[in-house]
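Visitor: Could you take me through the reading of a ligand site and of helix packing, with the general idea before the case at hand?

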Amino acid sequence: MDTTPTEVLHRVFGYDSFRAGQQEIIDHVVAGGDALVLMPTGGGKSLCYQIPALVRPGVGVVVSPLIALMQDQVDALRALGVRAGFLNSTQGFDERQLVEAEFLAGELDLLYLAPERLRVEATMRLLAKGDISVFAIDEAHCVAQWGHDFRPDYLALSELRERWPEVPRIALTATATPATHEEISSRLGLDQARHFVAGFDRPNIHYRITPKSEPKKQLLEFLRTEHPDESGIVYCLSRSSVEKIAEFLVDNGIAAVPYHAGLDARTRAAHQARFLREDGLIVVATIAFGMGIDKPDVRFVAHLDLPKSVEGYYQETGRAGRDGLPATAWMAYGLQDVVQHRRMAMEGDDAHRRRQVLHLDAMLALCETVGCRRVMLLDYFGQKGSEPCGNCDTCQTPPESWDGTVAAQKVLSTVLRLARERRQKFGVGQVVDILLGKKTAKVLQHGHDSLTVFGVGADLGNAEWHGVVRQLLAQGLLAVESDYGALVLTDASAAVLRGQREVPLRRDTLRPARAKVAAQAKSRPEAAALPAEAAPVFERLRAWRASVAKEQGVPAYVIFHDATLREIATRSPSTLAELSTVNGVGENKLAKYGEQVLQTLAGGGDEG
Ligand code: ADP
Ligand code: ZN
């Protein structure tokens, strides 16, 4: 072998230097070692196995569950001049045979495989006849308890070690708590592997969790003021809300498509393909969408419902800003989310319930924190002691906390009195109406206006009381009963009622101060980094890229990433040699597109 990783990095990928962690991992695998790699989304995991595959003799075999993306991944590699192919269930017999022949003839550098392929003995036999340089196991958390979609297939991957003890294996994932990390290691038989843990931080993502009042309106305002015409994902819990929100956005002139498991496979594939290829399209989806969505320019991820776990939240929000440019993780969260999740967490057997409750508590703690969200997230993933980030809502608009002890006592004693004096349980609406002293039909019907607590809560408004109840639920000082959301006391309630426990609460701020939002918008590098004269050039380059991508039927970023076009527009190279020094312009792309890029730069207005 006479090429080095650095040489491949420059020549094939056109990058100047390795990112944090990459070189160490690559050197270790090139030398034949096993590796378990934890690196955040967008950190550059792919190079960690692609370069060893190019440097070591033989074919690199990449196991990935992302069947829908294999074509794009292979196209992107081919555009770099890398000989890549894939085998999965979407192919016809002839196509598969062709790839198998290439593999056997040693004409591939990289072969992507769906995990279920490896459970087919014929595939194992095929691999045994070839020469393998490295096994890469992508999305390795699929092997863990909570990543069960592809779990059986992933569990079978432990066989690779027995069959190919001499071939190095590298497992990669973006999201893992120390527990998941251990599980990956033991299930995949990676006990000899060196562990590489890159920081989990995604500094370019701005985290924001806002109290939910009118979710549709809030979403619309968020999109219009912060991300007009940009690509993003909106997550909802149910299929029906996915449909409704997508329709709502379209009605408001925003390009959006729905995605959930209830749509037929063809529609889903079509919507995903549009999302990957078009600029500025929004996908409204359940968590069925996004497994490894490899689109670098997703500018925001919005949650209209509370995710079930911090792992899920971090993975979903991590799909934003893979290109390193600023992106937003925005969530609207309210009382109903807590009620619904507390209820869902009551289902299933004991062990399942306990796990759900732990996950939910961690998620709620993140929502209700008065400290930096990023510090809390990093802490959750085992990276302790980081500094407040300055790029999340709580850093930018520190929430006030207030002594909610008396307010909490009012709520709890209302629930207590309903139970003791009337043998009744009610949901939050009735409890708040009683506190506010509202003589609604339902209040009068039940004679609740004669309770001693009737009207004792006139010092706060309706929304504020909902906020109090939400936080009591989040803190476990109040619970909901499974079927209809009735409020009940918990073991911890008594101490509050007896005045033995204080209840600090967070004051909800419905929106950050105007000035802050404006300042933030100004600091967005997409807008700021491009000098005025480069902006139209960038647009010209984008138009050129769109036409080339369309002609070839590939996503635009396969031709060049935004970051590369941006650099070209700013530096305005006039020769091929100069162009070749731009980050992301490798040998192959220079040969293929160099002249066209220079013409587009020189062409000024004529290109359109
Ligand atoms: P991950 O799989 O970890 O989410 P990728 O491997 O897709 O991330 O890399 C994210 C982006 O960063 C890609 O666009 C990739 O081309 C780019 N990238 C990776 N390594 C480097 C590097 N050393 N220099 C410049 N860009 C890089
Ligand atoms: Zn912060």
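The dialogue below turns to the ligand and then to two helix pairs.

Guide: This is a predicted model, in which local features need pLDDT of at least 70 and side-chain atom pairs count only at pLDDT 80 or more, while totals for chains, interfaces and linings use all residues. Residues are numbered from 1 along each chain as its sequence is written, chains are lettered from A and ligands numbered from 1 in the order in which they are written, and side-chain values use heavy atoms, with hydrogens and water left out.

Visitor: Which residues come nearest to ligand 1?

Guide: A residue is near a molecule if one of its heavy atoms lies within 4 Å of it. Of the 16 residues around ligand 1, Y15, G42, S46, R322 and H561 come nearest. By class, the shell divides into four nonpolar, eight polar and four charged residues, where Asp, Glu, Lys and Arg count as charged, Ala, Val, Leu, Ile, Met, Phe, Trp, Tyr, Cys and Pro as nonpolar, and the others, Gly among them, as polar.

Visitor: Which atoms of ligand 1 lie opposite the side chains of R322 and Q22?

Guide: A polar contact is a pair of N or O atoms within 3.5 Å. A polar side-chain atom of R322 lies 2.6 Å from an oxygen atom of ligand 1, whereas for Q22 a side-chain N or O atom is 3.0 Å from a nitrogen atom of the ligand.

Visitor: At what angle do helix 18 and helix 19 cross?

Guide: Helices are DSSP runs (H or I, at least four residues) numbered from the N terminus, and their axes are lines fitted to C-alpha atoms over the stretch in contact, with angles from 0 to 180 degrees between N-to-C directions. Helix 18 (residues 405-422) and helix 19 (residues 428-436) have axes that come within 10 Å and cross at roughly 110°. Angles under 35 degrees count as roughly parallel, over 145 as roughly antiparallel, 65 to 115 as roughly perpendicular and the rest as oblique; helix 18 and helix 19 are therefore roughly perpendicular to each other.

Visitor: How are helix 25 and helix 27 oriented to each other?

Guide: The axes of helix 25 (residues 534-552) and helix 27 (residues 562-571) are 8 Å apart, at an angle of about 135°, and the two helices are therefore oblique to each other.

Technical notes. Polar contact = N/O pair within 3.5 Å; in protein donor to acceptor, adjacent residues only side chain to side chain.
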